[in-house]
Amino acid sequence: MTALPPGGGGTPVRATTSMSTADAQLWGPVDQLRSARVLEVGAGSAPCARWLKTQGVDVVASDISPSMLTAAHEANARHGIELELIEADARSLPFGDSSF
């Protein structure tokens with residue numbers, strides 16, 4: 001997963017495919033993420049987005065693959081997590097400027 005730090009500025013950082021507290025520190029303290037809306041692009045089955053959601057972050061997960069989003073939906077149900085999942089191509093996201 002590649003993401004920009006909170007505020008959208010700075011250099012993109014690369015995180016692993018699963019999220020831990022140490023991974024989240026790439027963006028800074030989780031408390032800072034709680035005040036931002038986060039978009040995970042290329043989320044796959046969305047383990048990172050699910051972790052962020054458990055930390056109180058407003059997160060949306062997107063992926064181009066319907067089968068990966070199905071896997072994400074099933075995992076969300078198993079864990080009792082409600083997470084917005086969007087099928088979208090990263091080259092043409094259905095969000096307005098400054099949505100995240």
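## Salt bridges, sheet and aromatic pair in a predicted model

The side chains of arginine 91 and aspartate 89 meet in a salt bridge, with 2.7 Å from N to O. The model that shows this contact is predicted. Arginine 91 is exposed, its relative accessible area being 75%, whereas aspartate 89 is partly exposed at 23%. The value for arginine 91 lies over the 50% cut-off for exposed residues, so that this arginine, at 75%, is classed as exposed.

In total, the structure holds three salt bridges. Side chains of opposite charge can pair when their charged atoms come close. The three pairs are listed below.

| Basic residue | Acidic residue | N to O distance |
|---|---|---|
| Arginine 91 | Aspartate 89 | 2.7 Å |
| Arginine 37 | Aspartate 58 | 3.8 Å |
| Arginine 37 | Glutamate 84 | 3.8 Å |

Arg37, Asp58 and Glu84 are linked in a network of salt bridges. Within this network, the side chains of aspartate 58 and arginine 37 meet at 3.8 Å, N to O. Aspartate 58 belongs to strand 4 (residues 58-63) and arginine 37 to strand 3 (residues 37-41), and the pair therefore ties together parts that are 21 residues apart in sequence. The side chain of arginine 37 also meets that of glutamate 84 in a salt bridge, again at 3.8 Å from N to O. This second pair links distant parts of the chain, with arginine 37 in strand 3 and glutamate 84 in strand 5 (residues 84-87), 47 residues apart.

The members of the network can also be described by their accessibility. Arginine 37 is partly exposed, with a relative accessible area of 34%. Aspartate 58 is partly exposed at 37%, and glutamate 84 counts as partly exposed at 40%.

The strands that carry these residues form a sheet. Strands 3, 4 and 5 make up an open sheet of three strands in the order 3-4-5, with parallel pairing. Strand 3 and strand 5 are the edge strands, each pairing on one side only. On average, neighbouring strands of this sheet are turned by 25 degrees against each other, direction ignored. Between strand 3 and strand 4, the parallel pairing runs over five bridges. Leucine 39 has valine 60, in strand 4, as its bridge partner.

Two helices accompany the strands. Helix 3 (residues 47-54) lies across strand 3 and strand 4 and runs at about 170 degrees to strand 4. Helix 4 (residues 66-79) packs on the sheet, where it touches strand 4 and strand 5. The direction of helix 4 makes about 170 degrees with that of strand 5.

Aromatic contacts remain to be described. A pair of aromatic rings is described by the distance of the centres and the angle of the planes. The structure holds one aromatic pair. Phenylalanine 95 and phenylalanine 100 have ring centres 5.0 Å apart and planes at 85 degrees, so the pair is edge-to-face. Phenylalanine 95 counts as partly exposed, at 22% relative accessibility, and phenylalanine 100 likewise counts as partly exposed, at 36%.

Definitions and conventions
Residues numbered from 1 in each chain as written. Predicted model: local features only at pLDDT ≥ 70, side-chain atom pairs only at ≥ 80, totals over all residues. Heavy atoms only, no water. Phe/Tyr/Trp six-rings, centres within 6.5 Å; stacked < 30°, edge-to-face > 60°. Buried < 20%, exposed > 50% of the residue type's maximum accessible area, 1.4 Å probe, protein only. Salt bridge = Lys/Arg side-chain N within 4 Å of Asp/Glu carboxyl O. Helix = DSSP H or I, 4+ residues; strand = E, 2+ residues; numbered from the N terminus. Pairing = 2+ DSSP bridges. Axes fitted to C-alpha atoms, helices over the stretch in contact; angles between N-to-C directions. Contact = heavy atoms within 4.5 Å.
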